[in-house]
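Subject: Structure handover

Hello,

Here is the structure I said I would pass on. My notes on what was found in it follow below.

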Amino acid sequence: MAENGVKKATILIVDDEKIYLDVLIGILNPEYRILLARSGEEALRRLQGGSRPDLILLDLFMPGIDGYETCRRIKEDPTTHDIPLIFLTSHDDVEGETFGLGLGAVDYITKPISPPTVKARIHTHLALRRARRELERQNEVLEQRVKERTRSLRQVGAELVLAEERERRRIARELHDGPIQRLVLSKINLGRLKSGLEAGQCRDIDNISETIDTTLKELRTLMVQVSPPVLYELGLGPAVEWLAESVLSGHGIRFRVDSAESYDRLKEETRVFLFRAIRELMLNIVKHARAGRASVSINTSEGDLLIEVRDDGVGMIEPVNSRPGVNGGFGLFVLRDRIDMLGGKLSIEVNGGTCVTLRVPIST
Ligand SMILES: Nc1ncnc2c1ncn2[C@@H]1O[C@H](COP(=O)(O)OP(=O)(O)OP(=O)(O)O)[C@@H](O)[C@H]1O
Ligand SMILES: [Mg+2]
């Protein structure tokens, strides 16, 4: 520790000439902790042995491996490559200097050594290293924060979908238990009323009864559209059948749904999510594919649920490009993100139409 409590920086001096070692020690002591090596080999041994100086002063011309080679090996090793390295050279050599800087050295100091120059350069490079490290640290902190924020945003997104689905279910139940039930009751009462009336009055009652039937039909359709009970009562397989019937055949697209089972044991939120995903893919077929046929298959494979939605339409352009807005919409982007969140994968294949495959771990 230095007197001010800040940890002293460590400098590794590599030089075969004792006279220079002594001069450098004289200049740098006691401000820095000094490590010494009398050759390139010894320096490399020290580094391989775990020494991690904050800066290396490296003589260029030494017996054995020279400074360039020593530098190359230090820079090649991922555990030492970021230690700033300054060459010590006996004469001005522009070409050698350029070569050395190209190897990754940060500076050159020429001998004979001028103490103020050595001190200033070492001070500068250590400050630069500290600043770089601090930046890297801040970068890591920021990246971590961005990751956490992204995770919580995704979480919020997923919860919004579930909250919306719960609200839809509540509205559907209220429609069923309130207006629908009351209308059914009114119709029964009208029937009773009719039995005691004359033919002329019955016609009016029939008209009211017909209006009630139409309203009931509309309300039931609305209820199913808001939240299909089949998804909760019978599971994903039957719900997808129902979906295909209402989305695809309504637009004249012939379809086939192959579902190995009902998948009613899937967690409710996964079931809701997958149902929504398949609806988005079916709506895409209706909106973009100009398809005559479509198919959905739901299977299991190696612990994953595998859903394939295929059409024989025009084929998606640039299917890999799933950034929002690039191809038009957000549907596939949001879908891919959600699938990622569930630890699954969305892949798109274009071959005589489009085939979108969703793979989701079944335990999610
Ligand atoms: N089955 C398909 N066949 C042909 N092209 C498709 C098909 N599905 C998607 N695309 C293309 O990919 C684009 C992106 O689809 P995505 O679902 O992300 O957005 P969108 O449907 O245009 O809008 P949004 O889903 O936001 O309402 C579409 O605009 C369309 O060009
Ligand atoms: Mg879409």
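Five strands form an open sheet in the order β6-β7-β8-β10-β9, and the pairing in this sheet is mixed. The model is a predicted one, so please read everything below in that light. β6 and β9 (345-350) are the edge strands, and each of them pairs on one side only. Averaged over the sheet, and with direction ignored, neighbouring strands are turned by 10° against each other. Helix α9 packs on this sheet, where it touches β7, β8 and β10, and its direction makes about 15° with that of β8.

The mixed character can be followed pair by pair. β6 (residues 254-259) and β7 (residues 293-301) run parallel and are joined by 6 bridges. Within that pair, D258 stands opposite S297 in β7. The connection between the two strands goes from β6 through α9 to β7, a β-α-β crossover that is left-handed. You may want to look at that connection in your viewer. In contrast to the parallel β6 and β7, β8 (residues 304-311) and β10 (residues 354-361) pair in the antiparallel sense, over 8 bridges. D311 has T354 as its bridge partner in β10. A further helix, α10 (residues 331-341), lies across β9 and β10 and runs at about 135° to β9.

The loop between α9 and β7 holds R290. The phi of R290 is near 50°, which is a positive value in a residue other than glycine. As background, most residues other than glycine have a negative phi, and most peptide bonds are trans.

Next, the contact between helices. Which helix does α9 (residues 268-289) cross at roughly 90°? The partner is α5 (residues 115-195), and the two axes come within 11 Å. The crossing angle makes α5 roughly perpendicular to α9. On the α5 side the contact is made by V161, L162 and E165, and on the α9 side by E269, V272, F273 and R276. By residue type, the contact of α5 with α9 divides into 4 nonpolar, no polar and 3 charged.

There is a second open sheet of 5 strands, ordered β2-β1-β3-β4-β5, and its pairing is parallel. Its edges are β2 (33-37) and β5 (107-110); each has a single partner strand, so one side of each is left without a neighbour in the sheet. Here neighbouring strands are turned by 20° against each other on average, again with direction ignored.

The pairs I noted in this sheet are these:

- β1 (residues 10-14) pairs with β2 in the parallel sense over 5 bridges, and I11 stands opposite I34 in β2.
- β3 (residues 55-59) pairs with β4 (residues 85-89) in the parallel sense over 4 bridges, and the bridge partner of D59 in β4 is L88.
- From β3 the chain crosses through helix α3 (residues 67-76) to β4, and this β-α-β crossover is right-handed.
- β4 and β5 run parallel and are joined by 4 bridges; T89 has T110 as its bridge partner in β5.

The handedness of the two crossovers is worth keeping side by side: the one from β6 through α9 to β7 is left-handed, while the one from β3 through α3 to β4 is right-handed.

Where do cis peptide bonds turn up? One joins N29 and P30, with omega about -5°. P30 is found in the loop between α1 (18-28) and β2. The peptide bond from K111 to P112 is also cis, with omega near 0°. P112 lies in the loop between β5 and α5.

Last, the overall division. The protein is divided into domain 1 (10-113), domain 2 (156-226) and domain 3 (229-361). The centres of domain 1 and domain 2, taken over C-alpha atoms, are separated by 88 Å.

Regards

Notes:
Residues are numbered from 1 along each chain as its sequence is written. Chains are lettered from A and ligands numbered from 1 in the order in which they are written. This is a predicted model: local features need pLDDT of at least 70, side-chain atom pairs count only at pLDDT 80 or more; totals for chains, interfaces and linings use all residues. Axes are lines fitted to C-alpha atoms, for helices over the stretch in contact, and angles run from 0 to 180 degrees between N-to-C directions. Angles under 35 degrees count as roughly parallel, over 145 as roughly antiparallel, 65 to 115 as roughly perpendicular and the rest as oblique. Two residues are in contact if their C-beta atoms, placed from the backbone, lie within 7 Å. Ala, Val, Leu, Ile, Met, Phe, Trp, Tyr, Cys and Pro count as nonpolar, Asp, Glu, Lys and Arg as charged, and the others, Gly among them, as polar. Two strands pair if DSSP finds at least two bridges between them. A crossover is right-handed if, with the strands pointing away from the viewer, the path from the first strand over the helix to the second runs clockwise. Domain bounds come from an automatic or database domain assignment.
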